[in-house]
Amino acid sequence: MARIVCVGITVLDRIWYLDDLPKEGGKYVAKDYTEVGGGPAATAAVAAAKLGAQVDFIGRVGDDDTGTRLLAELESLGVNTSFTRVFRGARSSQSAVLVDGRGERVIANYPSPDLPAAADWLREIDFSQWDIVLADVRWHDGAKEAFILARQQGVPTLLDADVTPQDIAELIALSDHAAFSAPGLQRLTQREKTEDALRKAQTLTNGHVYVTQGRDGCFWLENDTLRHQPGFEVNVVDTTGAGDVFHGALAVSLGQQSSAADAVRFASAVAALKCTKPGGRAGIPDCDQTRSFLSLFV
């Protein structure tokens, strides 16, 4: 099974479930509430571990109760956190998540300003031990340093290219695979049409570019041709973390040297199954569950 490292942020998600997302100021009553670890790279790591990969997470947390809880949860889910740095006197990051009756959500993330952005300490880590390095864009310096070190060792890189205030062009250039969210791709390229946007993104890298579009599935360029994997129809309960889970599953498949089409199909199925349960991690399937689900669509 693949050996994967996920580099980026981990946050505590505080999730409220409502019938409808608020459209104006006022008071609202939630139907349910839960707290669970989140963050793009961290949730991708959990997905990869659930799928049987050997997974490490590299990130930053404070030495507060939240940081302790986040690392303990990752460890309990099969993710090694020994490379993660804990900063004394620092607060860990958190997010508020509102989910409506159709499973759609709004997220407000608070990235802790106490966690230093510098990532030079990653140079102490041997990146040759992994088959693929996945990084999110929320810790820009960490992603950049990890990708540089991975490339020096000939290890493939996968970027979770979501929306971020920073310019991610240099991260895309360092990526062998750049998997965009639809808003992330539109923000980068300023192109409305999917194919035009992907072709614009392709000019920034010698690697592969993909974009996930929720129920509409995933599009990517292969041999200069637009390819499409339709979304799988499931009973959607909560889409929180679906993109992160997709990236973790994509990393597993690519780390096993699967073709792009097979990797995208596999990752799409894993992400779809995740959406059938509340929270960002509870519904993540294992390999057997995923293969059983995919067998229905042969």
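**Exercise 1. In the open sheet, work out in what order the four strands stand and what the pairing is like.**

In this predicted model, the open sheet is built from four strands in the order β3-β2-β8-β9, and the pairing among them is mixed. The strands at the edges are β3 and β9 (105-110), and because each has a single partner strand, one side of each is left without a neighbour in the sheet. On average, neighbouring strands of this sheet are turned by 20° against each other, direction ignored.

The pairing can then be followed strand by strand. Step one takes β2 and strand β3 (residues 32-38), which run antiparallel and are joined by seven bridges, with W16 standing opposite Y33 in β3. Step two moves to β2 and strand β8 (residues 93-99), which pair in the parallel sense, over seven bridges; here D13 has S95 of β8 as its bridge partner. Step three reaches β8 and β9, whose six bridges are in the antiparallel sense, and in β9 the bridge partner of V99 is R105.

**Exercise 2. Decide how many residues of strand β2 are buried, and what follows for its surroundings.**

Buried is taken to mean under 20% relative accessible area. Strand β2 covers residues 11-17, and five of its seven residues are buried, so the strand is largely enclosed by the rest of the structure.

**Exercise 3. Describe strand β13, beginning with its burial and going on to the strands that pair with it.**

For the burial, strand β13 (residues 208-212) is mostly covered, since four of its five residues are buried. On the parallel side of the description, strand β12 (residues 177-181) pairs with β13 over five bridges, and A178 has V209 in β13 as its bridge partner. Strand β14 (residues 218-222), by contrast, runs antiparallel to β13 and is joined to it by three bridges, with T212 opposite C218 in β14. These two strands, β13 and β14, form a hairpin with five residues between them, and in the turn G214 has a positive phi of about 60°.

**Exercise 4. Find which helices each supply at least two residues of the lining of the second largest pocket, and what kinds of residue make up that lining.**

The second largest pocket has a volume of about 160 Å³. Its lining includes M1, V252, D262, R265, F266, C287 and L294. At least two lining residues come from each of α7 (242-255), α8 (260-274) and α9 (287-294). Sorted by kind, the lining residues divide into five nonpolar, three polar and three charged.

Key:
Residues are numbered from 1 along each chain as its sequence is written. This is a predicted model: local features need pLDDT of at least 70, side-chain atom pairs count only at pLDDT 80 or more; totals for chains, interfaces and linings use all residues. Side-chain values use heavy atoms; hydrogens and water are left out. On a 1 Å grid over the protein atoms alone, a cavity is a set of points where a 1.4 Å probe fits but cannot get out, and a pocket is an open set with protein on both sides within 12 Å along at least five of seven lines; lining residues have an atom within 4 Å of a point. Grid points are joined across faces, edges and corners, and a volume is the space filled by probe spheres set on the points. Ala, Val, Leu, Ile, Met, Phe, Trp, Tyr, Cys and Pro count as nonpolar, Asp, Glu, Lys and Arg as charged, and the others, Gly among them, as polar. Buried means under 20% relative accessible area, exposed over 50%, partly exposed in between (1.4 Å probe, protein chains only). Two strands pair if DSSP finds at least two bridges between them. Axes are lines fitted to C-alpha atoms, for helices over the stretch in contact, and angles run from 0 to 180 degrees between N-to-C directions.
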